[in-house]
Amino acid sequence: MDSPDVGTVQQDRKDEYKALRSKKSSQQRHKEQQLDASRQRRQQRTAMMNAKRMTSVEQSAEDAIQLPAEYPQDVNFQLQCLAGSADEQKEALEKLRDIFRGTPAAVDAFIRDDSAIAKLRDATAEENCKLVACEAITNLAASHAAENAKLAVLVPVLVDIIHTNTAPNLLQQALWALGNIASNGLELRDAVIASPNACEVILSSLKHDDLNVATQAWFALSHIVRGQNALTPMKLTSELKNSMQSSCPQLVGQAAWALTYISARHHDTIPVIFDRDVMNNMLGVIESSVQTMSLNEAEDIVVPLMRSLGNASAHGVFPLYNPSILDLFAQLLDLPSKVITLETIWCIGNLTGGSDDFSNGIFEHKILWQLRNLLEETTELQREASFAVLNMATTSPKCLEPLINNTFHTGMFALLKTPDYDCIMNCLGFIDVLMVEFGVAGRDYVPEHVMDLLEGLQYHEGESIRALATSIIKQHFNWDEEDDIRDHYTGGQSCDKEPASDRPTSFDL
């Protein structure tokens with residue numbers, strides 16, 4: 001991921017911000033920077049979770065079958081069998097389905113054969129072979145080796161199967177296969193969108209009586225709406241709103257994936273979809289999922305729901321109708337799941353960035369110490385936790401004193417030593433907000449070794465880090481340029497050392 005470009009924002013910091021500069025403008029600047037940074041982090045997490053969603057229903061990746069070394073020859077043999085009788089075709093498709101699931105190299109070999117995809121397509125014409133053919137296509141398209149335009153020829157037959165069949169298990173598998181194809185890059189996504197009736201049959205499947213069919217329809221749509229040439233988002237708002245109030249966790253989870261992509265780019269859909277009933281149901285589904293499902297199953301539901309709530313919070317819609325929301329977030333942070341923790345902290349960061357009530361509530365809850373401890377975890381967790389702390393300080397400066405009383409400033413200062421761009425920028429932003437709020441007295445909270453780190457960051461390879469570190473030093477720690485502040489303490493008389501502050505003694509690292 002590229003580092004966020006905030007160079008233009010920082011260019012005139014020295015001229016724009018003096019010792020008594022506007023707190024409001026400082027807060028607005030930091031909020032804009034944080035929104036850009038959080039958007040890029042969200043894209044990273046999307047890529048990380050995408051592969052997991054495409055796993056075959058037949059068998060998990062951990063239990064994938066071990067195939068013999070001569071699997072390429074086995075693929076060729078199964079291709080020959082596809083020209084045989086109906087029973088031979090079905091057996092060959094079952095073998096190919098298992099091969100595709102277990103060996104990406106076999107997928108690559110299969111796709112290189114110009115006639116292979118055509119033979120697989122033709123096998124779907126046999127009534128008894130349709131289901132297993134769709135399973136084979138699902139596993140074929142789920143492989144990373146399948147990023148190949150040849151898969152586009154399978155789209156029309158899958159659309160036809162969905163349009164002309166009523167068996168729920170066959171519809172589910174065909175929708176799943178179509179979604180996996182759409183997930184393999186922009187070219188294949190556009191091929192699905194451009195295929196006649198493709199979007200129409202998927203949309204009609206959302207109304208199917210079998211919730212499993214509707215769930216797989218949302219799976220396919222969630223990959224389609226990721227593209228720029230996707231369906232008009234407002235056309236999906238009513239369907240999304242209905243699905244997000246469903247009692248089926250799997251349906252809500254897959255619909256939430258589509259909602260994450262739509263709400264991230266089309267902000268006008270957020271107030272239409274996220275009302276009190278929708279948000280309370282989302283929170284209820286999250287709570288029931290972590291209580292009744294395995295952790296692996298819960299991740300597939302909790303991650304997109306938390307990300308959708310984070311998107312809504314980033315644009316002024318807050319899920320605060322549920323009084324137990326802090327208890328739920330604390331429960332999520334206790335789970336041994338990195339992806340759930342990341343999404344939860346990111347959502348908390350967006351909430352603290354726009355709601356004083358939420359920020360103040362944290363200080364009365366165990367979630368406060370969970371956030372503090374996360375500042376000492378892995379880089380990804382530090383990045384999101386420091387983002388939340390910076391948002392709290394920026395949005396509600398009165399949070400600074402309780403943050404300092406709970407040693408959050410020492411945890412933030414430690415991030416100046418990390419190699420992570422976002423962590424450093426979050427810490428620098430925190431120092432800037434602290435100094436804007438406390439003025440000269442804020443120097444009491446910045447130990448000498450932190451000043452050494454700040455001075456070193458003036459030579460950092462990142463332009464934005466250099467600019468912000470230099471600005472902080474010049475604006476807040478350069479005594480030669482602050483005669484008026486010195487005069488405040490000395491009555492206009494010169495002094496040879498820094499005046500004592502009337503602020504409480506700081507906590508040291």
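This passage describes the core, the aromatic pairs and several helices and loops of the structure shown above.

The structure is a predicted model, in which local features need pLDDT of at least 70, side-chain atom pairs count only at pLDDT 80 or more, and totals for chains, interfaces and linings use all residues. Residues are numbered from 1 along each chain as its sequence is written, and side-chain values use heavy atoms, with hydrogens and water left out.

A good place to begin is the interior. The largest nonpolar core (a set of buried Ala, Val, Leu, Ile, Met, Phe, Trp, Tyr and Cys residues joined through side-chain atoms within 4.5 Å) has 150 residues. Here, buried means under 20% relative accessible area, exposed over 50% and partly exposed in between, with a 1.4 Å probe and protein chains only. The residues with the most contacts inside this core are Phe110, Leu140, Phe329, Leu428 and Phe430. Helix H26 gives the most to this core, with 12 residues; helices (H or I, at least four residues) and strands (E, at least two) are DSSP runs, numbered from the N terminus. For Phe329, contact (heavy atoms within 4.5 Å) is made with Met306, Thr344, Cys347, Ile348, Leu351, Phe358 and Ile367, leaving aside neighbours within four places in sequence.

H26 itself deserves a closer look. This helix covers residues 421–438, 18 residues in total, and reaches 26 Å from its first C-alpha to its last. That span is close to the 26 Å expected at 1.5 Å a residue, where the expected value is 1.5 Å times one less than the number of residues. Of the 18 residues of H26, 17 are buried, so the helix is largely enclosed by the rest of the structure. At the N-terminal end of H26, Asp420 acts as a cap, with a side-chain oxygen 3.2 Å from the backbone nitrogen of Asp422. Such a polar contact is a pair of N or O atoms within 3.5 Å; within protein, one must be able to donate a hydrogen and the other to accept it, and residues adjacent in sequence count only if both atoms are side-chain atoms. Just after H26, Gly439 takes a positive phi of about 65°.

Aromatic rings come next. A search of the whole structure finds five aromatic pairs. Rings of Phe, Tyr and Trp (its six-membered ring) pair if their centres lie within 6.5 Å; planes under 30 degrees apart count as stacked, over 60 as edge-to-face and the rest as tilted. Phe100 and Phe110 form an edge-to-face pair, at 4.9 Å centre to centre and with 70° between the planes. Phe100 lies in helix H5 (residues 86–102) and Phe110 in helix H6 (residues 104–112), so this pair ties together parts that are 10 residues apart in sequence. Phe100 is buried at 2% relative accessibility, and Phe110 is buried at 0%. Phe438 and Tyr445 form a tilted pair, at 5.6 Å centre to centre and with 45° between the planes. Both Phe438 and Tyr445 are buried.

The region around H12 offers another view of packing. In H12, the residues Ala198, Cys199, Val201, Ile202 and Ser205 are buried. They cover an arc of only 165° around the axis, which puts them on the same side of H12; the arc is that of the directions from the helix axis to the C-beta atoms. Among the elements that cover these buried residues are helix H9 (155–164), helix H10 (168–182), H11 and helix H13 (211–224). Within H13, Ser222 is buried, with a relative accessible area of 0%. A polar atom of the Ser222 side chain lies 2.7 Å from the backbone oxygen of Phe219.

Two loops complete the picture. Ser195 lies in the loop between helix H11 (186–194) and helix H12 (198–205), and counts as buried at 9% relative accessibility. Ser195 touches Val155, Pro156 and Val159, not counting residues up to four places away in sequence. The C-alpha atoms of Ser195 and Val155 are 7.1 Å apart in space, although the two residues are 40 apart in sequence. Asn197 lies in the loop between H11 and H12, has a positive phi near 70° while being a residue other than glycine, and is partly exposed at 49% relative accessibility. Thr407 is placed in the loop between helix H24 (400–405) and helix H25 (408–414). Thr407 is not a glycine, yet has a positive phi of about 60°, and counts as partly exposed at 22% relative accessibility.
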